[in-house]
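Let's practise reading a protein model together. Take your time with each exercise, and try it yourself before you look at the solution.

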Amino acid sequence: MDELKRNERESSCQGCGGCPCAQEAALGEAVDDALAQELLPELPEAPAVPARVRVVDIRFRSGGKIYFFDPGELELKAGDHVIIDTARGAEYGICASGCHTVADTDVVAPLRRVLRAATEQDERVVSANREKEKRAYDVCLQKIQEHKLEMQLVSVECAFDGSKILFFFTADGRVDFRELVKNLASVFRTRIELRQIGVRDKAKMVGGLGVCGRPFCCSQFLDDFQPVSIKMAKTQNLSLNPTKISGTCGRLMCCLKYEQEAYEDLHKTAPRAESFVDTPEGRGTVCDVNLLRQTVRVRMEDHPETIGTFRNSEIAVLRSGKAKKTDPPVPRDLAPISGQPRRAQRETPAAEDTMPLMFKRLDEYAASTGYTEPRPEGGEEHGYRRSRRRRHPAGEAKPPQQEPKPQQSAAEGGQKPKSNRRRRSRRPKNPGGRVESQE
C-alpha cells in the first residue's frame with residue numbers, strides 16, 4: 001500500500017520544485033552541505049605554480065650584463081650573433097647561453113624580442129661602428145683638452161644604426177660640457193650623449209688585474225655591484241689599512257661580500273674577545289679568537305703567564321665581552337667545566353698500532369714474498385764489511401791470545417810486513433775545501 005502511494009506521488013510530481021518531495025530533497029542537500037563543512041577540515045589552497053617563459057640570454061659587450069629576450073621561434077645557442085629590439089632601437093648582441101625557460105616572476109616586463117640572426121652585412125656595420133668609436137675617442141680627448149675640462153674619458157659606444165654616439169666619462173664633481181657637445185655634434189653630424197659614471201663602472205668597462213693577480217670580478221662575472229662596507233672587513237678580522245682592502249678602483253674590494261655570510265654564522269658560535277670563560281684547565285680570559293679553526297686562546301686566571309688553546313665546544317662563557325665597571329664579579333665557585341671530575345684518559349696505543357697502514361701492508365707483503373734487502377755491491381771495498389769480532393757475554397773468559405810469529409824479511413823469502421795503522425776512511429778530512437799535499 002505504501003509503495004502504491006509513493007509511486008502515485010512520484011508520478012504526479014512535475015519537477016516544478018513546489019511539491020513536497022522537491023522541498024524535502026532540497027532540505028536534505030542543505031543539511032548534508034552544512035554537516036560536511038563542520039566535519040571536514042578546510043584544505044589550504046595549493047600555491048599557484050609560476051608560469052614558465054622561454055627566454056635567451058643576450059650580452060651587448062664582452063663582460064657586460066646579461067639581459068633576457070624573447071627568442072620567438074628562433075633556436076639560438078651560445079655564441080650566436082643576433083639583432084635585438086631595445087629602447088634605443090635595433091642593437092647588436094651576443095648570445096651568452098641558448099634558449100631556456102625561467103619563472104615568470106624573474107622576467108621584467110615588457111620582454112623585448114630577438115628580431116633576427118645577424119648577417120654578413122650586420123657584421124660589416126658593426127666593424128665600421130668600432131672604427132668610428134676609435135676615431136670619436138681621439139676627437140673627444142682633443143676637445144676636452146681644448147676646453148680644459150676636469151673629466152676623464154672612459155669609453156665610446158656607437159649605436160648600431162649610427163643614430164647616436166655615447167661618451168662615458170668620470171669626474172670628481174659636476175662638469176659643464178655643453179660647449180663640448182656642440183663641437184662633437186658639428187664633427188660627427190649625429191646625436192651626442194655624455195654620461196658620467198663612477199669609478200667602479202670604469203673598472204668594469206676597462207678591465208685589468210686585481211691585487212690577487214686575477215682579472216677583475218666586475219669585468220668577468222659580476223652583473224651588479226653589491227654594497228660593501230668597512231664592517232665586513234672588521235667581521236672577517238682583516239687589516240683596516242685602506243691600501244690592503246681596496247681594489248684598483250679605489251673602493252672596497254667586491255670579494256669582501258663573498259664570505260660575509262659564513263663569517264656571520266661563525267660569529268654566532270664563537271665567544272667574543274676579552275670574555276671570561278671556563279676551560280678544562282681552569283678559568284681565564286679570551287685573548288685571541290680563530291673563527292675558521294673554531295678555537296680560542298685563553299690566558300689562565302691562576303697562572304697569567306700560561307696561555308692555552310681550546311675549541312669552542314670545550315669552554316663555557318661566564319662573561320661575554322670585556323668587563324664593565326657596573327658588572328658584578330664572577331663567583332669563584334662558578335666553574336661548570338673545570339669543577340667537574342675529569343674523565344679517565346685513554347691509554348697511549350702501542351707503537352705497532354700507531355704505524356701507518358701503508359707501512360704495515362708493505363711489511364706483510366715483504367714477509368709473504370720472502371724479500372730481503374740486497375747488500376750493496378763491493379760492500380767490503382767501500383767500508384761495509386761487517387765486523388767479525390766476537391762479543392763474549394759477561395763472566396765468560398776470553399780465549400788466550402796466540403803469540404805472534406816472527407816475521408821474515410823480504411830477503412829471507414818472507415812477505416812484506418803489513419802496516420799496523422788503521423785503514424783510513426774514505427771520508428775527506430777537510431770538508432771545508434782545503435787541499436793538502438800528500439807525499
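Below are three exercises on this predicted model, each with a worked solution.

**Exercise 1. Take stock of the chain: how many helices and strands are there, and what share of the residues is buried?**

Solution.
- Step 1: Count the elements. The protein chain has eleven helices and 13 strands.
- Step 2: Turn to burial, where a residue counts as buried under 20% relative accessible area. Of the 439 residues, 23% are buried.
- Step 3: Look at the surface. The chain exposes about 35000 Å², and 50% of that comes from carbon and sulfur atoms.

**Exercise 2. Find strands S7 and S8: do they run parallel or antiparallel?**

Solution.
- Step 1: Locate strand S7 at residues 164-170 and strand S8 at residues 191-196.
- Step 2: Compare their directions. S7 and S8 run parallel and are joined by six bridges.
- Step 3: Pick out a facing pair: isoleucine 165 lies opposite isoleucine 192 in S8.
- Step 4: Add helix H4, residues 178-188; together with S7 and S8, this helix forms a right-handed β-α-β unit.

**Exercise 3. In the open sheet of five strands, what is the strand order, and which strands are at the edges?**

Solution.
- Step 1: Write down the order, S12-S11-S10-S9-S13; the pairing is antiparallel.
- Step 2: Check the ends. Strands S12 (307-311) and S13 (316-319) are the edge strands, each pairing on one side only.
- Step 3: Consider the angles. On average, neighbouring strands of this sheet are turned by 45 degrees against each other, ignoring direction.
- Step 4: Zoom in on one pair. Three bridges link S9 (residues 276-279) with S13 in the antiparallel sense, and phenylalanine 276 stands opposite arginine 319 in S13.

Notes:
Residues are numbered from 1 along each chain as its sequence is written. This is a predicted model: local features need pLDDT of at least 70, side-chain atom pairs count only at pLDDT 80 or more; totals for chains, interfaces and linings use all residues. Side-chain values use heavy atoms; hydrogens and water are left out. Helices (H or I, at least four residues) and strands (E, at least two) are DSSP runs, numbered from the N terminus. Buried means under 20% relative accessible area, exposed over 50%, partly exposed in between (1.4 Å probe, protein chains only). Accessible areas come from the Shrake-Rupley method with a 1.4 Å probe; for residues, only the protein chains shown count as cover. Two strands pair if DSSP finds at least two bridges between them. A crossover is right-handed if, with the strands pointing away from the viewer, the path from the first strand over the helix to the second runs clockwise. Axes are lines fitted to C-alpha atoms, for helices over the stretch in contact, and angles run from 0 to 180 degrees between N-to-C directions.
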